[in-house]
Structure formats: C-alpha cells, structure tokens
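Colleague: I am new to this structure and would be grateful for a close look at a single part of it, namely the strands and how they are paired and covered. Please set that part within the chain as a whole.

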Amino acid sequence: FLRRGAEIDFIETEELDVTDQLPVGTYILKTEEFRGFYLEQVDDFKVTERIYGEAPELADMIYNGFVDRSASTGALLHGYKGTGKTSLVRLIAERAGKDGKPVIIVNEPFTGTAFNSVIDKLPDSVVILDEFEKVYKRGEQEKLLTIFDGTATTKCLFLLTANNYLSIDEHLINRPGRLLYSIEFTGLSEAVIDE
C-alpha cells in the first residue's frame, strides 16, 4: 500500500519499498481511469447515540463469528428504514477498528477482475456495502458471488444493508456459504420501545 496524504493506493511491490500493512482506519474504495483503485481515508465510525434493543448482542454474534472463522463471512441486514441496520453496522465497524482491523466502504457498483483483485489484497477487514440493492442492481449482484464465496485468499467481513429484500439476487439468499447471517429488521420491538 502507498499512502499519499489521506489516500492509499494499491501497488505492485516489485520495484518499490512499501509497507505490506494497511493502517487501521476507515476508508472509501475509489477508482480513477488512469490510477486504478485506491483507498481514501475518512473519519472512523463512532457510536455516539444510545443503542437500544439487541443490537449489541447481534454485533457480538456477527463479529465473533467472523473472527472465529477461517474464511470470509457475510451478513445481510435487511428491512425497513430506521430500524437499526446502520447502527448495527457502526457498532461492528467501531469494534473492528478497536481490534486493529481496517474498515472499507464500497459505495459504487464495482465488479470484475480488478475489483476482485483489490478485495483479495485486503488484510482481515470489514467491508461495508450500505444500501446494497440500490448500489448494485440485480444483474450486477451476481457478479459479486465469487468474493462472497470465500474463494479469495483474504478474510473479510462483508456487511450488506438493504431496505428491499426482494431486490436481492436469489443466489445470495439462503446461501450461508456466501452470507452466513441474514437478519431482518421488521420494525421496533416492544423491548426497544420500552427501553
């Protein structure tokens, strides 16, 4: 990795003396025509609001499941807006940062060999695909199956959020080898309202 201010590039190390460690932090994956893929560092996720309900337990379950497995792990968090999906992602991302793992945000519909190669170069990381079904239309989702299958040499925790479950490709649903967790957010529970 090559750092230029707040941006980090993926580079081949044959002719350069560079670090092989991605510094802990939160990054957005970007690309430019002549530069290729690179990472731009942004502010880390901080949970500042009070978290209600079972979100801390779900965060522990998902994160510990990722840590305990030898391959990549995926979690699909789907359901109504405002029911806690993003809060859960923030909890997990914050914990990953404290645990020394980088957090990568993918908010463009990247696919293909070059993108797969970037994912393969990441260290143990959390990769966030927020509003997955809006960023990746149905036909594009199938192109990501290989990275979710755990065929890469890297180990990532893929966190996908979606409002519309029906817009998720059928090859991602009920496939624990690709997405181990599928958690539906149907509304606020009675316990959350009481809290």
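Modeller: The answer below begins with the whole chain, turns to the strands, and then considers some individual residues.

The model is a predicted one. Its chain contains 7 helices and 9 strands. A compact globule of 195 residues would have a radius of gyration near 16 Å, and the chain, with 17 Å, agrees with that expectation. The C-alpha trace spans about 60 × 35 × 30 Å along its principal axes. Of the 195 residues, 43% are buried. Among contacts with a separation of 6 or more, 75% are between residues 24 or more positions apart. The chain exposes about 10,300 Å², and carbon and sulfur atoms supply 48% of this area. As for charge, there are 21 positive and 34 negative charges, whose mean positions lie 2 Å apart.

With that setting in place, the strands may be taken up, beginning with E7. Strand E7 comprises residues 125-129. Is this strand mostly covered or mostly exposed? It is mostly covered, since 5 of its 5 residues are buried, where buried denotes a relative accessible area under 20%. The covering extends to both faces of E7. On one side stand Ser125, Val127 and Leu129, on the other Val126 and Ile128, and all of them are buried. Strand E6, residues 103-105, runs parallel to E7 and is joined to it by 3 bridges. Within this pairing, Val103 has Val126 of E7 as its bridge partner. Val126 is also one of the buried residues named above.

Beyond E7, the chain continues into a loop that leads to helix H4 (132-135), and Glu131 has its place in this loop. Glu131 is not a glycine, yet its phi is positive, at about 50 degrees. Most residues other than glycine have a negative phi. Glu131 is partly exposed, as its relative accessible area is 34%.

A second group of strands is centred, for the purpose of this account, on E4. Strand E4 covers residues 36-42 and pairs with strand E2, residues 7-9, in the antiparallel sense over 3 bridges. In that pairing, Glu40 of E4 is the bridge partner of Glu7. Strand E3, residues 26-32, also pairs with E4 in the antiparallel sense, here over 7 bridges. Tyr27 stands opposite Gln41 of E4. The connection from E3 to E4 is a hairpin of 3 residues.

Arg35 lies in the loop between E3 and E4. With a relative accessible area of 26%, Arg35 is partly exposed. Leaving aside residues up to four places away in sequence, Arg35 touches Arg4, Glu7 and Asp9. Of these, Glu7 has already appeared as the partner of Glu40. Between Arg35 and Ala71, 36 residues apart in sequence, the C-alpha distance is 30 Å.

Towards the end of the chain there is another loop, between strand E8 (156-162) and strand E9 (181-185), and Asn174 has its place there. Asn174 likewise has a positive phi, about 55 degrees, although it is not a glycine. Its relative accessibility is 72%, so Asn174 counts as exposed, the cut-off being over 50%.

Two helical residues complete the picture. Gly65 is found in helix H1, which consists of residues 55-68. Is Gly65 buried or exposed? Gly65 is buried, because its relative accessible area of 16% is under the 20% limit. Apart from residues up to four places away in sequence, Gly65 touches Asp60, Thr73 and Tyr181. Gly65 and Phe158 are 93 residues apart in sequence, while their C-alpha atoms are 12 Å apart in space.

Ser117 belongs to helix H3, residues 113-121. Ser117 is partly exposed, with a relative accessible area of 31%. The C-alpha atoms of Ser117 and Ile147 are 9.6 Å apart, and 30 residues separate the two along the chain.

In summary, E7 is covered on both faces and pairs in parallel with E6, whereas E4 pairs in the antiparallel sense with E2 and with E3.

Methods:
Residues are numbered from 1 along each chain as its sequence is written. This is a predicted model: local features need pLDDT of at least 70, side-chain atom pairs count only at pLDDT 80 or more; totals for chains, interfaces and linings use all residues. Side-chain values use heavy atoms; hydrogens and water are left out. Helices (H or I, at least four residues) and strands (E, at least two) are DSSP runs, numbered from the N terminus. The radius of gyration is taken over C-alpha atoms; the globule rule is 2.2 Å times the number of residues to the power 0.38. Buried means under 20% relative accessible area, exposed over 50%, partly exposed in between (1.4 Å probe, protein chains only). Contact means heavy atoms within 4.5 Å. Accessible areas come from the Shrake-Rupley method with a 1.4 Å probe; for residues, only the protein chains shown count as cover. Lys and Arg count as positive and Asp and Glu as negative; His and the chain ends are not counted. The place of a charge is taken as NZ of Lys, CZ of Arg, CG of Asp or CD of Glu. Two strands pair if DSSP finds at least two bridges between them.
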